[in-house]
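Reader: I've just opened this one and I'm new to it. Could you walk me through some of the labels and how they are justified?

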Amino acid sequence: LKLQFLYFIGFTHMTALLLTAHVGLLLAYCEDMQADLMLQGVVVVPSDNDAYAEAVQQYAFSSMPTKLHPSGIVYAEGAGDVEAAVRYAWQCDYRVVVRSGGHQYSGLSSCDSNEHKCMQVDMSKFTEIAIDGTAVRVGSGVSLDLLYTTLAQHGLFVGGGECGTVHVGGHVQTG
C-alpha cells in the first residue's frame, strides 16, 4: 500500500524503498522511550521497578488507582524537554497527560497504559516565580505554599486554595 501510494504521487521505486526504510526506523524509534528521548530530565518506565513504583505515586492515588500506570513518566527540566516529549508522543501514538503536583482527583493528570500507550509529563521542576511590579509569572510546578510565601514577601496576594502542597498547574486547571 505504501509503495502504491508513493508510486501514485510520482515517486520512483528507489525513493519508495528509502521512505519505507525510514518508516521502519521511525517504528524502531518508538520502542524504547528512555533511549529514544534525549532530555535534560529523566524518563522513568515500568521496567525501572522501584523508581517507577515511587514515580507513579500521587497525592490523589486513592481516587484513581487504576489510572496510575503510564507507559512512561517524563520529568521535564525545561520547555525543550516538554517539546521533545510531546513530539515523541505524537510520532509514536502516545496519549499525553500533564502532572504538576499529583493532586488531580478526577484523574486528568494520570493515565493507564493498559487502555492506550500514554506518557505522563511531570512539571514539578518548573518552579520559577518572576515578579515585576504587580505582574507575576509562575511555573506550573510551584506549590501554593511557595507562591503565597513569595508573594507575601513582595506585598502581593492571590486568592486560591488552602492546601499548600497543591501545585499551580493543577490549581489553575481544576481548582
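Author: Sure, here is a short chat about the cysteines and a surface patch. Keep in mind that this is a predicted model.

Reader: How do you know that cysteine 30 and cysteine 92 are joined by a disulfide?

Author: Their sulfur atoms are 1.9 Å apart, and the cut-off for a disulfide is within 2.5 Å, so the pair counts as one. Cysteine 30 sits in the loop between helix H2 (13-29) and helix H3 (33-36), while cysteine 92 is in helix H5, so the bond ties together parts that are 62 residues apart in sequence.

Reader: What makes the disulfide of cysteine 30 and cysteine 92 left-handed?

Author: The torsion about its S-S bond is about -75 degrees, so it gets that name.

Reader: And what makes cysteine 111 and cysteine 118 a disulfide?

Author: Here the S to S distance is 2.4 Å, and that falls within 2.5 Å, so this pair counts too. Its torsion is about 90 degrees, so this disulfide is right-handed. Both cysteine 111 and cysteine 118 are buried. Searching the whole structure gives two disulfides.

Reader: Why is cysteine 163 called partly exposed?

Author: Its relative accessible area is 30%. Buried means under 20% and exposed means over 50%, so cysteine 163 lands in between.

Reader: Why does valine 86 count as partly exposed?

Author: Valine 86, which lies in helix H5 (residues 79-92), has 41% relative accessibility, so it counts as partly exposed. Together with Val96 and Val98, Val86 makes a nonpolar surface patch of about 200 Å².

Notes
Residues are numbered from 1 along each chain as its sequence is written. This is a predicted model: local features need pLDDT of at least 70, side-chain atom pairs count only at pLDDT 80 or more; totals for chains, interfaces and linings use all residues. Side-chain values use heavy atoms; hydrogens and water are left out. Patches are made of residues with over 30% relative accessible area and no salt bridge: like charges are joined within 9 Å, nonpolar side chains (Val, Leu, Ile, Met, Phe, Trp, Tyr) within 5 Å. Accessible areas come from the Shrake-Rupley method with a 1.4 Å probe; for residues, only the protein chains shown count as cover. A salt bridge is a side-chain nitrogen of Lys or Arg within 4 Å of a carboxyl oxygen of Asp or Glu. Helices (H or I, at least four residues) and strands (E, at least two) are DSSP runs, numbered from the N terminus. Buried means under 20% relative accessible area, exposed over 50%, partly exposed in between (1.4 Å probe, protein chains only).
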